[in-house]
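Reader: I am a first-year student, and I would like to understand how the words used for a protein model follow from its values. Could you take me through them step by step?

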Amino acid sequence: MNFKNRDIISIKDFSKEEIEYILDYAKRMVPYANGEKHTTLLSQHIMAALFFEPSTRTRLSFEIAMHRLGGNVIGFADPSGTSQKKGESLADTIRMADSYSDAIVIRHPHEGAARLAAEFSEVPVLNAGDGAGQHPTQCLLDLFTILTEKKKIKGNKVALVGDLKYGRTVHSLAYALSLFKADLTFVSPETLKMPKEVINECKEFGVEPVSTSNLEKAVKEADVLYVTRIQKERFPDPEEYNRVVGSYKINIELLKEAKKDIIVMHPLPRVTEIDPEVDKTPHAIYFKQAFNGVPVRMALLNLILGGKL
Ligand code: CP
C-alpha cells in the first residue's frame, strides 16, 4: 500500500483496508512512541505545524511523533505572531510553509481550510482539525484505541455523547465506525443532534444509529462511551450555549449501571462532562487515548514521508 506524499484531509479519503493498514502500522510504532526503541527514520525531514486555533494534544503529539522519528519541526501555535496579522492570506502562508518543509500539519477554525491548503502545497498536508469539519488523525487514534482496548471494532456498541452538532471528532468517528460496522447510539440534547448528513452516511454502510437524549439507558447498553465537550467557541448564540452546558455529566454513580468492561473515551479537553472521580476507575481510557495520538501520527508521518520501518 502506498501512502507516499498523500494528503490526510478527511477520513472519508481512506478505504477500510487502508485504515486497517495504518492501525497495524501504528501498533508497530508503539515501542518507538514510548521511548523503548529509538529511530532516525525521518532525520532528513522537517514538519511544519501551523496552528491557527488552540491545541494541546494534537500539536504536541504531532511534534513528539516527528521528534521520535528523528525529524525536525517548525511552526507556530498562535497566528498572532505571524504575518497573518499584516493581512497575509492563508494561501501565501501555505506557499511559504511548503517551501520550508516536507509536510504541513494545519489546524484552522474554518471548515475546508485544510483542503484549500492542500491545493496550494506541493508537500503533503495533514488536517489537524478544520472548524466543525474533519479531524482525521483524531479519528484514527480513536479507532486505534477501541481496537487496542476491545480487540475489535465491529459489533461494539458505541455511544457518542454530548455536542454531536459542532463536535468535529464525532462526525469523522461516526463515519469510520459505520465503515467498521459498529452499533451506534447518538446521545445529545435536542439542539445538538448529529447532523442528518452524517446519519445518512452511516446508513449507507448499513448501520442504523439510534438517536436519543436518554443518557442512562445508553450507558447501560454501551461497550464504549465516547464523551465530548460542548463546543462553546462554535455557538453563534451564547444563549444557546447556556441552555445546554452541563446537560450531560459522566460520574461514578452513572457508571455503576454500566457493563463491567465499559470504556470511557473523550478526545479532550474536557470541561465538566466527566467527573474527575472517574479518572481512577479502570473505565477511564481518555489519557491513554491521547497518548495513542503519538504512534498513530508517527505511522502517518512515516508512511507519507516514505521512511522505511
Ligand atoms: N483532541 C484534540 O484535538 O485536542 P486538542 O484540541 O488539545 O488538540
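Author: Let us begin with a definition: a residue is near a molecule if one of its heavy atoms lies within 4 Å of it. Please also keep in mind that this is a predicted model.

Reader: Which residues surround the ligand?

Author: The ligand is surrounded by S55, T56, R57, T58, R107, H135, Q138, P267 and L268.

Reader: What makes the pair formed by the ligand and T56 a polar contact?

Author: A polar contact is a pair of N or O atoms within 3.5 Å. An oxygen atom of the ligand is 2.8 Å from a polar backbone atom of T56, and therefore this pair counts as a polar contact. With H135 the partner is in the side chain, where an N or O atom is 3.0 Å from an oxygen atom of the ligand. For P267 the backbone supplies the N or O atom, and a nitrogen atom of the ligand lies 2.8 Å from it. As for cover, the ligand has 260 Å² of accessible area on its own, and the protein covers 91% of that area.

Reader: Where does the ligand sit?

Author: The ligand sits in the largest pocket; a molecule is said to sit in a pocket if more than half of its atoms lie within 2 Å of the grid points of that pocket.

Reader: One of the residues around the ligand is L268; why is L268 called buried?

Author: Buried means under 20% relative accessible area, and L268 has a relative accessible area of 12%, so it is buried. L268 lies in the loop between β9 and α11, and its phi is near 65°, a positive value in a residue other than glycine.

Reader: What makes that phi value, and the peptide bond from L268 to P269, worth pointing out?

Author: Most residues other than glycine have a negative phi, and most peptide bonds are trans. The bond from L268 to P269 is cis, with omega near 5°, and P269 lies in the loop between β9 (263-265) and α11 (286-291).

Reader: Which value of phi does K151 have, and is K151 buried or exposed?

Author: Phi of K151 is near 70°, which is again a positive value in a residue other than glycine. The cut-off for exposed is over 50%, and K151 counts as exposed because its relative accessibility is 67%. This residue lies in the loop between α5 (136-150) and β5 (157-161).

Reader: Now the aromatic rings: how do you know that F3 and Y21 form a stacked pair?

Author: A search of the whole structure finds 6 aromatic pairs, and F3 and Y21 form one that is stacked, with 5.8 Å from centre to centre and 20° between the planes. Ring centres must lie within 6.5 Å, and planes under 30 degrees apart count as stacked, so both values meet their cut-offs. F3 lies in the segment before α1 (16-33) and Y21 in helix α1, so the pair ties together parts that are 18 residues apart in sequence. F3 and Y21 also belong to one aromatic cluster with F14 and Y25.

Reader: How are F3 and Y21 described in terms of accessibility?

Author: F3 counts as buried at 3% relative accessibility, whereas Y21 is partly exposed, with a relative accessible area of 31%; partly exposed is the range between the cut-offs of 20% and 50%.

Reader: Why is S61 called buried, and which polar atom lies 2.6 Å from the backbone oxygen of R57?

Author: S61 has a relative accessible area of 5%, so it is buried, and its place is in helix α2 (residues 57-68). The atom in question is a polar atom of the side chain of S61.

Reader: What makes H171 buried, and how far is its side chain from the backbone oxygen of K165?

Author: H171, in helix α6 (residues 168-179), has a relative accessible area of 9%, so it counts as buried. A polar atom of its side chain lies 3.2 Å from the backbone oxygen of K165, which means that this distance is within the 3.5 Å used for polar contacts.

Technical notes
Residues are numbered from 1 along each chain as its sequence is written. This is a predicted model: local features need pLDDT of at least 70, side-chain atom pairs count only at pLDDT 80 or more; totals for chains, interfaces and linings use all residues. Side-chain values use heavy atoms; hydrogens and water are left out. Rings of Phe, Tyr and Trp (its six-membered ring) pair if their centres lie within 6.5 Å; planes under 30 degrees apart count as stacked, over 60 as edge-to-face and the rest as tilted. Helices (H or I, at least four residues) and strands (E, at least two) are DSSP runs, numbered from the N terminus. Buried means under 20% relative accessible area, exposed over 50%, partly exposed in between (1.4 Å probe, protein chains only). A polar contact is a pair of N or O atoms within 3.5 Å; within protein, one must be able to donate a hydrogen and the other to accept it, and residues adjacent in sequence count only if both atoms are side-chain atoms. Accessible areas come from the Shrake-Rupley method with a 1.4 Å probe; for residues, only the protein chains shown count as cover. On a 1 Å grid over the protein atoms alone, a cavity is a set of points where a 1.4 Å probe fits but cannot get out, and a pocket is an open set with protein on both sides within 12 Å along at least five of seven lines; lining residues have an atom within 4 Å of a point.
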